Amino acid sequence: MFDTIAAISTPRGEGGIGIVRMSGGDSINILSKIFRPISNKKVEELKNFTINYGHLYSGEKLVDEVMVSIMKGPKTYTKEDIVEINCHGGYLMTEKVLELVLSSGARIAEQGEFTRRAFMNGRLDLTQAEAIIDLIHGKTEKSLSLSLDQLRGDLKDQILHLKKLLLDVVAHINVVLDYPEEGIDDPLPEGLVDNLKEVLETSDRLSASYAQGKMIKEGVKTAIVGKPNVGKSSLLNSLLKEERAIVTHIPGTTRDVIEEIVNIKGIPLILADTAGIRNTDDIIESIGVEKSEKLLNDSDLILFVVDGSRELSEEDLRVHNSIQAEKVVGILNKIDMEQKVDLSKLDKVGRWIEVSAKENIGIANMEEEIYSYIVSGKVEDSSQTLVITNIRHRSALVKTKEAIENIFETINIGLPMDLIAVDLKEALDALSEVTGEISSEDVLDHIFSNFCVGK
């Protein structure tokens, strides 16, 4: 924690600018060894929170022309001195600058170590640190909005409010147990019972919101299935609004699973165009069919595509018998042609959406129907209410809820008040796990291992 760390903070590859970041008490001293400002000032004389033009040198050898940002702690991301060297981008130049910094006294940062220092130094709580990685990985505007809310401290503030409510109860119980001569009645006052009810209701609501938050954050695994040549690839291309999958009249053209992400009203659909499910002697195609059948079990949503211009075949029925009724939406394709299909035998499908993927008919309506099916009217309120997206938060909130339920059971049975104190401590500890006030090294290692080195 006392070393000065350094890493490349921009993606590897060719680009206009590459950034090498340092954080730690020796950052400015290291910079003074390698940077010569064009102003001829000493590095130590450069003003805080300024960007300075100059050159990097290794001894007397010019390394690069750079712009250097100087940010002195504690008003920085890590609350330590931070230096950012903006050099020319490229595969080699940023590596050369990093090597120069490391040889001058810094050490290479571990994954997520900049943000971990921000957490350890009290700049962020653990929910805000996790929000940063969610921002980096965000796939839609809605997921970014949830991450920004969490980074702003909305979840932290809510947890602190719940803890305050519980601490009021703890204070009352401590007085009752430690000072019996004061004559304070054992039953909890109505106001403190209301505190417990609010903690119970809020922890229950937040933990229940995880299913919605997970969907917004990670997306819905969606398999497009059907027999060969019913228009699965055309449907994928229509949703993507580009030709990603090869479309021909020849059955079995798609030999493997093709995955793409499409944004439907803020919900990422991870679409998988599967090989048509049928019996085949083609070894390569049969491998694709096996993958398709496995995908049926792993998907959150199944789009079962049927060709409306043909009568049902054994292959259609085989696919139908393989799907799970609770997560399927039927897509009746090729409605621009004469309809010959009888859907009455496909009784697992409760909802059919009529489209022509080739002629782009009904695609917008299909997107609306799929969205409605997925969210069941729940996601629209996510901009107005706090939604959690992290399984760790959900687990801690469930523990909080269970502890409060135990307290109410203790009150109803009429057991001693010191038993309430035990469950109160468990609830407070669970809430502290959310913000990171109580956390093991293993938990922290796991969280920050998901960051890139430069963050």
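The buried residues of helix α11 pack against two strands, β8 (220-225) and β11 (301-307), in what is a predicted model. The protein chain comprises 455 residues, of which 49% are buried, and its secondary structure amounts to 15 helices and 13 strands. When contacts between residues at least 6 apart in sequence are considered, 65% of them join residues at least 24 apart.

**Helix α11 and its two sides**

- Helix α11 spans residues 314-322, and within this helix Asp-316, Val-319 and His-320 are buried.
- Viewed down the axis of α11, the buried residues fall within an arc of 100°, and they therefore line one face of the helix.
- As background to this pattern, an α-helix has 3.6 residues a turn, so residues three or four places apart point the same way.
- Glu-314 and Asn-321 are exposed, and they are carried on the face of α11 that is turned away from its buried side.

**Nonpolar cores**

- The largest nonpolar core contains 30 residues, and the members that touch the most other members are Leu-235, Leu-269, Ile-331 and Met-366.
- At least two residues of this core come from each of the helices α8 (210-218), α9 (232-240) and α12 (363-375), and likewise from each of the strands β8, β9 (258-264), β10 (267-273), β11 and β12 (328-333).
- Helix α12 provides the largest share of this core, with six residues.
- If neighbours within four places in sequence are left aside, Leu-235 is in contact with Ile-224, Val-305, Ile-331, Val-355, Ala-357, Ile-363 and Met-366.
- Another core, of 29 residues, lies apart from this one, and its members include Leu-196, Leu-397, Met-417 and Leu-431.

**Aromatic pairs**

- The structure holds three aromatic pairs, and one of them is formed by Phe-119 and Phe-448, whose ring centres are 6.3 Å apart and whose planes meet at 40°, so this pair is classed as tilted.
- This pair links distant parts of the chain, since Phe-119 belongs to helix α3 (residues 113-120) and Phe-448 to helix α15 (residues 441-448), with their positions 329 residues apart in the numbering.
- Phe-448 also pairs with Phe-451, with ring centres 5.6 Å apart and planes at 35°, so this pair too is tilted.
- Through these ring pairs, Phe-119, Phe-448 and Phe-451 are linked into a cluster.
- Phe-119 is buried, with a relative accessible area of 11%, while Phe-448 is buried at 1% relative accessibility and Phe-451 is likewise buried at 1%.

**Arginines over aromatic rings**

- The charged end of Arg-36 sits over the ring of Tyr-57, at 3.9 Å from the centre of that ring.
- Arg-21 lies over the face of Phe-114, and here the distance from the ring centre is 5.4 Å.

**Cysteines**

- A disulfide is a covalent bond between the sulfur atoms of two cysteines.
- The count of disulfides in this model comes to zero, under a rule that requires a pair of cysteine sulfur atoms within 2.5 Å.
- Cys-87 has a relative accessibility of 3% and therefore counts as buried, given that the cut-off for burial is under 20%.
- Cys-452, by contrast, has a relative accessibility of 41% and so counts as partly exposed, which is the class between the buried limit of 20% and the exposed limit of 50%.

Technical notes. Residues are numbered from 1 along each chain as its sequence is written. This is a predicted model: local features need pLDDT of at least 70, side-chain atom pairs count only at pLDDT 80 or more; totals for chains, interfaces and linings use all residues. Side-chain values use heavy atoms; hydrogens and water are left out. Rings of Phe, Tyr and Trp (its six-membered ring) pair if their centres lie within 6.5 Å; planes under 30 degrees apart count as stacked, over 60 as edge-to-face and the rest as tilted. Helices (H or I, at least four residues) and strands (E, at least two) are DSSP runs, numbered from the N terminus. Buried means under 20% relative accessible area, exposed over 50%, partly exposed in between (1.4 Å probe, protein chains only). A charge sits over a ring if NZ of Lys or CZ of Arg is within 6 Å of the ring centre and within 35 degrees of the ring normal. The arc is that of the directions from the helix axis to the C-beta atoms. Contact means heavy atoms within 4.5 Å. A nonpolar core is a set of buried Ala, Val, Leu, Ile, Met, Phe, Trp, Tyr and Cys residues joined through side-chain atoms within 4.5 Å.
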